[in-house]
Amino acid sequence: MGSQENIIWDEEAGEVTVLGKEHHHRTAQTLSASLLRKMSDPELVNKVRFRVLKNFVANLQEVIFGTKLFVLFPAIPAAIVAESYSIGRPWIFALSLLGLTLLAERISFVTEQISFYTGPTVGGLLNATCGNATELIIALLAIHQGKIDVLKYSLYGSVLSNLLLVLGSSLLCGGLANLYEEQKYDRKQADVNSLLLILGLICHVLPLMFKYAIKPDSDLVQGSILQFSRASSIVMLIAYVAYLVFQLKTHRQLFEAQEEDEGNKDSEEKPVIGISSGLLWLIGMTITIALLSEYIVSTIEDASNSWGISVSFISIILLPIVGNAAEHAGSVIFAFKNKLDISLGVSLGSATQISMFVIPLCVIVGWIMGISVDLDFGLLQTGSLAFAILLTALTLQDGTSHYLKGVVLCLAYIVVAACFFVQKLPSSNHIANGNLEVPHHLQA
């Protein structure tokens, strides 16, 4: 890998100054999202005379208009207007979901720009932390509103989507595009992520086994499960910190192998916005994501009743697919280009981050807020997650890929989606600690 230039942006002059050489680390998520960006038009910026206005137009062009998903931008103000004037809660949910699709890709761009100035370690940590900012904010708002079912379903769905849908569609499309060429990838990165996913699965299975090993009708049992979940969450966060040190420091070369083909392009890349502008955009986008996420969490049941689709299906299937559509599309495009290491970095990296960072963090935050959030996701969710992790590990065991592997993973995701589609969940009142309570009219 080549080194990356250490660059400072002059806000007044609007110029980039090269100070020296320093490696710039990019994650698979930022590489994937970069495929959806558009080149800016310098002639438009040069027509502006005043420096302050010139910098503002330049930033606006790069951050707002610098993506192929700009067509979704009107959904953000439309969602705010719909909420302000109470124009149908299902419409608020749909518009907010579309707005999050754009913001999820743009926040990846902004964090990458900031990482040019912070150095490789801090930049990599920032990218790793903000990689699933949308899921984290939705989860924290669900805790605040006491909708633990939405929290568990959305996070479980994100892991499932990355393992089966994103990885499966990438292997399928990559195999078809390179039908007569064997696709290979580095097994070491996949093995590291698989180990962490299995560790997270153990922390989910044990509370479930504990509940069924002892009669679950006792409040003492539920208290023990909650205490065990909190202790396990601390262990999972420690494992995630060790994973970050492993990825960003001690064994960085395992995760940089995916960028070899992009080396010449990345070594010439320069930041297009300043550090202060990047921080302001990051704060603004985070606030906007929090606002739209609050709309989603508060209107999801209304959308479920209006559309005739269960809350479980919307949370597990629709939210992850639409919310991360930009990142997922980038993963498939890289698979088309026979760069499976980046595709695996997107799917497995996101699944690992949610499983080992977002989920245990939500348990700890709930603990601090006095809200009971445990790692018992229910028998159906935990069982299907175990099969998904097992199927993914078996798929990636030989370091080669073909389209049939993608077909199997995609079909597995369809089967799981069909399962939750027929699982009717009229409202959150029928959910208790992750278990489905069967309504009286459905009882035989």
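How many aromatic pairs does the structure hold? I looked this up at the outset and found 6 aromatic pairs. I note here that the model is predicted.

**Entry: an aromatic pair**

I turned to Tyr240 and Phe357, which form a stacked aromatic pair. Their ring centres are 5.1 Å apart, and the planes stand at 25° to each other. The label follows because planes under 30 degrees apart count as stacked. I then asked which helices hold the two residues. Tyr240 belongs to helix H10 (residues 219-250) and Phe357 to helix H16 (residues 340-369), so the pair ties together parts that are 117 residues apart in sequence. I checked the accessibility of both partners: Tyr240 and Phe357 are each buried. I also recorded that Tyr243 joins Tyr240 and Phe357 in one aromatic cluster.

**Entry: a charge over a ring**

I examined Phe334 and found Lys337 over the face of its ring. The distance to the ring centre is 5.9 Å.

**Entry: the chain as a whole**

I counted the elements of the protein chain: 18 helices and 6 strands. The chain has 444 residues, of which 55% are buried. I looked up its exposed surface, which comes to about 19,400 Å², with 66% supplied by carbon and sulfur atoms. I also looked at contacts between residues at least 6 apart in sequence; 80% of these join residues at least 24 apart.

**Entry: the nonpolar core**

Which residues of the largest nonpolar core touch the most other members? I found Phe93, Leu151, Leu155, Tyr156 and Leu344, in a core of 96 residues. I followed Leu155 further. Setting aside residues up to four places away in sequence, Leu155 touches Glu135, Ala139, Ile354, Val358, Ile359 and Cys362.

**Entry: Thr299**

Is Thr299 buried or exposed? I recorded a relative accessibility of 0%, so Thr299 counts as buried. The residue lies in helix H13, which covers residues 275-307. Beyond its neighbours within four places in sequence, Thr299 is in contact with Arg89, Ile92 and Phe93. Phe93 had already appeared in my notes as one of the core residues that touch the most other members.

**Entry: Ile80**

I located Ile80 in helix H4 (residues 75-84). Its relative accessible area is 31%, and Ile80 is therefore partly exposed. With neighbours within four places in sequence left aside, its contacts are Leu291 and Tyr295. I looked up the C-alpha separation of Ile80 and Tyr295 and found 8.9 Å, although their positions lie 215 residues apart along the chain as the sequence offset.

**Entry: Gln222**

I placed Gln222 in helix H10, the helix that also holds Tyr240. Gln222 has a relative accessible area of 21% and is partly exposed; the class applies because buried means under 20%. The C-alpha atoms of Gln222 and Pro207 are 9.5 Å apart, and the two residues are 15 residues apart along the chain.

**Entry: cysteines**

How many disulfides does the count come to? I obtained 0 disulfides. I then compared the accessibility of two cysteines. Cys203 has 7% relative accessibility and so counts as buried, whereas Cys419, with a relative accessible area of 31%, is partly exposed.

How values were computed
Residues are numbered from 1 along each chain as its sequence is written. This is a predicted model: local features need pLDDT of at least 70, side-chain atom pairs count only at pLDDT 80 or more; totals for chains, interfaces and linings use all residues. Side-chain values use heavy atoms; hydrogens and water are left out. A nonpolar core is a set of buried Ala, Val, Leu, Ile, Met, Phe, Trp, Tyr and Cys residues joined through side-chain atoms within 4.5 Å. Buried means under 20% relative accessible area, exposed over 50%, partly exposed in between (1.4 Å probe, protein chains only). Contact means heavy atoms within 4.5 Å. Helices (H or I, at least four residues) and strands (E, at least two) are DSSP runs, numbered from the N terminus. A disulfide is a pair of cysteine sulfur atoms within 2.5 Å. Rings of Phe, Tyr and Trp (its six-membered ring) pair if their centres lie within 6.5 Å; planes under 30 degrees apart count as stacked, over 60 as edge-to-face and the rest as tilted. A charge sits over a ring if NZ of Lys or CZ of Arg is within 6 Å of the ring centre and within 35 degrees of the ring normal. Accessible areas come from the Shrake-Rupley method with a 1.4 Å probe; for residues, only the protein chains shown count as cover.
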